[in-house]
Amino acid sequence: MNHRTAPRARPPRARGRTPAARTRAPAALGGPAALAVAFLAVPLAGVVAHTPWRDLAGQLSSPDVLGALGLSLLVSVLALLLSLILGVPLAWLLARTDFPGKALVRSLVLLPMVLPPTVAGVALLRGFGRGGLLGGPLEAVGVTLPFSTAGAVVAAAFVAMPFLVIGLEGALAGIDPRYEEAAATMGATLPQTLRHVTLPMVAPSLAAGAALCWARALGEFGATITFAGNLPGVTQTLPLQVYLLLQQDPAAATSVSLLLLAVAAAVLVALRGRWLGHSR
């Protein structure tokens with residue numbers, strides 16, 4: 001006589017955790033969500049639809065566009081380096097230490113993300129301009145930031161560095177500080193601990209924050225034109241070139257906008273949500 005093995009009882013699923021509950025959108029939210037997607041997608045689709053594809057290569061290879069592109073790459077890379085030099089230590093301090101005014105410092109980090117770009121440019125003029133708080137001391141050592149390439153770098157870093165600091169602070173707060181403490185007990189200095197222990201553990205978040213920081217610096221417009229001006233070959237980056245072309249050649253402006261859109265989309269696709277802490 002054959003005896004069949006009784007099937008093992010499966011544990012009951014938790015209420016509200018069924019696959020249908022996780023994947024199926026409520027009908028009441030699906031409509032507004034679809035409208036939100038359309039609201040965001042239609043302007044971007046408009047750029048693609050109105051791009052003069054036959055003239056695209058010629059428009060993107062014009063001397064003015066190539067010059068602006070080269071300057072944009074230079075400014076964005078230097079802004080990223082400045083953000084790394086200043087932002088990584090700041091993120092570590094915010095995540096690892098308590099000090100008076102910490103909430104104020106974190107608010108200062110977030111402020112450039114919500115400031116109108118032109119207001120950020122005015123603030124930079126009042127801080128680092130010739131008549132600003134540090135304008136005199138900077139000129140005394142031969143540094144003049146307004147209407148210079150260095151000024152464009154400062155403007156880009158001012159608005160882009162928060163993306164790096166916020167993402168890295170969250171990653172640092174999520175790792176166990178005992179790893180760093182163990183390295184310190186074995187004689188490692190703080191720079192050695194950061195280099196060999198901390199930064200490798202947060203490398204994905206650091207890379208994601210750096211990519212977003214670079215992309216934001218590449219697309220900076222308002223603070224740059226207010227603080228550094230729109231000087232060809234000096235401060236006229238690609239977004240400023242788009243603004244100029246929009247008044248003279250809207251089709252060419254659309255082509256250059258498509259280039260910037262493609263770069264931004266490529267960065268986001270490469271990140272795949274890592275800056276937000278997940279990869280789906």
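This report walks through a predicted model, from its overall make-up to its cores, cavity and pockets.

## Overall make-up

The protein has 280 residues, and buried residues make up 32% of them. Its secondary structure comes to 14 helices and 0 strands. Read from the N terminus, the elements are therefore a run of α and nothing else.

Contacts in the protein often link distant parts of the chain. Of those with a separation of 6 or more, 71% join residues 24 or more positions apart.

## Annotated transmembrane regions

An unreviewed UniProt entry carries the annotation "transmembrane region". According to that record, the annotation covers residues 65-95, 107-129, 149-175, 196-217 and 251-271.

Two of these spans can be described from the model. Residues 251-271 are 100% helix and 0% strand, and their end C-alpha atoms lie 31 Å apart. Residues 107-129 are 87% helix, again with 0% strand. The end C-alpha atoms of residues 107-129 lie 23 Å apart.

## Nonpolar cores

The largest nonpolar core has 26 residues. Val75, Ala79, Leu168, Leu172 and Val202 touch the most other members. H4, H8 and H11 each give two or more residues to this core. H8 gives the most, with 10 residues.

Ala79 shows some of the packing. Leaving aside residues up to four places away in sequence, Ala79 touches Val153, Ala156, Ala157 and Ala217. Apart from the largest core lies another core, of 10 residues. Its members include Val65, Ala68, Leu218 and Val256.

## The cavity and Ser76

The structure holds 1 cavity of 30 Å³ or more. The largest cavity has a volume of about 40 Å³. Its lining consists of Ser72, Val75, Ala152, Ala156, Ala217, Leu218, Glu220, Thr224 and Thr237. By class, that lining has 5 nonpolar, 3 polar and 1 charged residues. Helix H4 (63-96), helix H8 (149-173) and helix H11 (203-218) each supply at least two of the lining residues.

Ser76 is found in helix H4. Is Ser76 buried or exposed? Its relative accessible area is 0%, so Ser76 counts as buried. Beyond residues up to four places away in sequence, Ser76 touches Trp214, Ala217 and Leu218. Ala217 and Leu218 also belong to the cavity lining.

## The largest pocket

The largest pocket holds about 400 Å³ of space. H4, helix H5 (102-114), helix H6 (117-128) and H8 each give two or more residues to its lining. The most come from H8, with 6 residues.

In total, 19 residues line the largest pocket. Leu108, Val109, Pro112, Phe158 and Met161 lie nearest its centre. What is the class make-up of this lining? It has 19 nonpolar, no polar and no charged residues.

## The second largest pocket

The second largest pocket has a volume of about 210 Å³. Two elements, H11 and helix H14 (250-271), each give two or more residues to its lining. H14 gives the most, with 5 residues.

The lining is made up of Val47, Trp214, Ala215, Leu218, Gly219, Pro239, Ser257, Leu260, Leu261, Val263 and Ala264. These residues divide into 9 nonpolar, 2 polar and no charged. Trp214 and Leu218 appear again here, after their contacts with Ser76. Leu218 is also one of the residues lining the largest cavity.

## Helix H13 and its cover

Which residues of helix H13 (residues 238-248) are buried? They are Leu238, Pro239, Leu240, Gln241, Val242 and Leu245. One of them, Pro239, also lines the second largest pocket. The cover over the buried residues of H13 includes H4, H11, helix H12 (222-227) and H14.

## An unusual backbone angle

Phe147 is not a glycine, yet it has a positive phi of about 60°. Where does Phe147 lie? Phe147 is in the loop between helix H7 (135-140) and H8. Its relative accessibility is 44%, so Phe147 counts as partly exposed.

Definitions and conventions:
Residues are numbered from 1 along each chain as its sequence is written. This is a predicted model: local features need pLDDT of at least 70, side-chain atom pairs count only at pLDDT 80 or more; totals for chains, interfaces and linings use all residues. Side-chain values use heavy atoms; hydrogens and water are left out. UniProt positions are given in the numbering used here, feature names are shortened, and annotations may be inferred rather than shown by experiment. Helices (H or I, at least four residues) and strands (E, at least two) are DSSP runs, numbered from the N terminus. On a 1 Å grid over the protein atoms alone, a cavity is a set of points where a 1.4 Å probe fits but cannot get out, and a pocket is an open set with protein on both sides within 12 Å along at least five of seven lines; lining residues have an atom within 4 Å of a point. Grid points are joined across faces, edges and corners, and a volume is the space filled by probe spheres set on the points. Ala, Val, Leu, Ile, Met, Phe, Trp, Tyr, Cys and Pro count as nonpolar, Asp, Glu, Lys and Arg as charged, and the others, Gly among them, as polar. Buried means under 20% relative accessible area, exposed over 50%, partly exposed in between (1.4 Å probe, protein chains only). Contact means heavy atoms within 4.5 Å. A nonpolar core is a set of buried Ala, Val, Leu, Ile, Met, Phe, Trp, Tyr and Cys residues joined through side-chain atoms within 4.5 Å.
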